[in-house]
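Q: Please take a close look at one helix of this model and at the parts of the chain that surround it. I would like a connected account that goes from the helix itself to its neighbours and then to the rest of the chain.

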Amino acid sequence: MLVNTNAFILKTIEYEDNDLIIYSLTQKYGLVSFIAKGVRKPNSKNIFGLWLYSNSNLDIFKSNRLNKLGKLKTAVINKKYYYIEKNYKYYVLIYFLSEFIIKNNIRDSNTFILYDWYLNNLNQNLLYSTSIIYLKLLFKIGNGFYLKGCYLCNHKVIVGFSIDNKGYVCKNCIKENIDYKIIYNKEFLETINNIYNYNFDNNINSLQQNFNYKIILNIIKILINLIEENTVFDFFILNEVKGVLNLNWQNHKFNIK
Ligand SMILES: [Zn+2]
């Protein structure tokens, strides 16, 4: 079946003499992998549409079976994100996000919106956009925080966040359960709530002035711990991600009350 879709190029693997195997995140079908025949020949036009992390318009003979590769007809580039190539920290974070989607086989087409949003916001507000995306992705693989109410009794009036259980806790449940790793800081709870309820139509810059970097960084640390516990990533990649986020942390002026 020949299909036309907008897509991000998540990963390219050299195959045989002239071909590439591509993992793409498409707007219509979610994660789609296909073979691009002959694109490494010098006169290939399609190669420009297969630039890593670019947004392209693809015509693909899509396989109906999940584990069978499709075949590329044409690829035309729409937008290239130059900032990713110019800055290692952005490169690491986009590489990590792309691998996360592929390794966890996140196939729903809604992920395209998240990826698109992240590419357009990462260089505006690295920590805030990363925290939003990591929480959304953890929900997609069934490991998000429990934020609908207290994680024990579902009571809606919450007073803390349990680090161990990754969820809100109410006043009554704190009395009954001795759990020392509970964060009561109001700003922390508000920030988690804002990340959780983030509206992708909003302009992220409008939120920039009123968040606390230290709190966001702590939330990202909890999220990365969850990613480590629930996904398979090699040590090197996760360490690069942590390094990149910490470097950025030191460069910011802190706004701690
Ligand atoms: Zn409770």
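The helix to be examined is helix 3, residues 110-121.

A: The account below concerns a predicted model, whose protein chain holds eight helices and nine strands. The C-alpha atoms of this chain fill a box of roughly 70 × 40 × 35 Å along the principal axes, and buried residues make up 29% of its 257 residues.

Helix 3 is a suitable place to begin with geometry. At 1.5 Å a residue, its 12 residues should span 16 Å, and the separation of 17 Å between its end C-alpha atoms agrees with that expectation. Its buried residues are Thr 111, Phe 112, Leu 114, Tyr 115 and Leu 119. Viewed down the axis of helix 3, these buried positions fall within an arc of 165 degrees, so they line one face of the helix. The general background is that an α-helix has 3.6 residues a turn, so residues three or four places apart point the same way. On the other side of helix 3, Asn 110 and Ile 113 are exposed.

What does the buried face of helix 3 pack against? Its buried residues pack against strand 1 (2-15), strand 2 (19-26) and strand 3 (30-36), and also against helix 2 (88-103) and helix 4 (126-140).

The three strands in that list are linked to one another by pairing. Strand 1 and strand 2 are antiparallel, with eight bridges between them, and Phe 8 has Leu 25 in strand 2 as its bridge partner. These two strands form a hairpin with three residues between them, and in the turn Glu 16 has a positive phi of about 45 degrees. Strand 2 in turn pairs with strand 3, again in the antiparallel sense, over seven bridges, with Ser 24 bridged to Val 32 in strand 3. Strand 2 and strand 3 likewise form a hairpin with three residues between them.

From strand 3 the pairing can be followed further. Strand 3 runs parallel to strand 5 (residues 70-79), and two bridges join them; the bridge partner of Phe 34 is Gly 70 in strand 5. Strand 5 is also joined to strand 4 (residues 55-61), by seven bridges and in the antiparallel sense, and here Asn 57 stands opposite Val 76.

The loop between helix 2 and helix 3 contains Asn 105. This residue has a positive phi of about 55 degrees although it is not a glycine, a point to set against the general rule that most residues other than glycine have a negative phi. Asn 105 is exposed, because 10 other C-beta atoms lie within 10 Å and a residue counts as exposed at 12 or fewer. A comparable description applies to Asn 154, in the loop between strand 6 and strand 7: its phi is positive, about 70 degrees, although it is not a glycine, and with 11 C-beta neighbours inside 10 Å it counts as exposed.

Asn 154 leads to another part of the chain, where an open sheet of four strands has the order 6-8-7-9 with mixed pairing. Its edge strands are strand 6 (146-150) and strand 9 (182-183), each of which pairs on one side only. Strand 9 is antiparallel to strand 7 (residues 158-162), to which two bridges join it, and Ser 162 stands opposite Ile 182 in strand 9. Helix 6 (residues 186-196) packs on this sheet, touching strand 6, strand 7 and strand 9, and its direction makes about 80 degrees with that of strand 7.

Helix 6 also packs with helix 7 (residues 213-230), at an angle of about 65 degrees and with the axes 10 Å apart, in a right-handed crossing. In this contact Glu 187, Phe 188, Thr 191, Ile 192 and Ile 195 of helix 6 meet Ile 215, Ile 216 and Ile 219 of helix 7.

Two further values relate these parts to the whole chain. Among contacts between residues at least 6 apart in sequence, 54% join residues at least 24 apart. Lys 175, found in helix 5 (residues 171-176), is exposed, with 8 other C-beta atoms within 10 Å, and its C-alpha atom is separated by 52 Å from that of Asn 6, 169 residues away along the chain.

Key. Residues are numbered from 1 along each chain as its sequence is written. This is a predicted model: local features need pLDDT of at least 70, side-chain atom pairs count only at pLDDT 80 or more; totals for chains, interfaces and linings use all residues. The expected span of a helix is 1.5 Å times one less than its number of residues. A residue is buried if 20 or more other C-beta atoms lie within 10 Å of its own, exposed if 12 or fewer, and partly exposed in between; C-beta atoms are placed from the backbone. The arc is that of the directions from the helix axis to the C-beta atoms. Two residues are in contact if their C-beta atoms, placed from the backbone, lie within 7 Å. Two strands pair if DSSP finds at least two bridges between them. Axes are lines fitted to C-alpha atoms, for helices over the stretch in contact, and angles run from 0 to 180 degrees between N-to-C directions. A crossing is left-handed if the near helix is turned anticlockwise from the far one by less than a right angle, and right-handed if clockwise.
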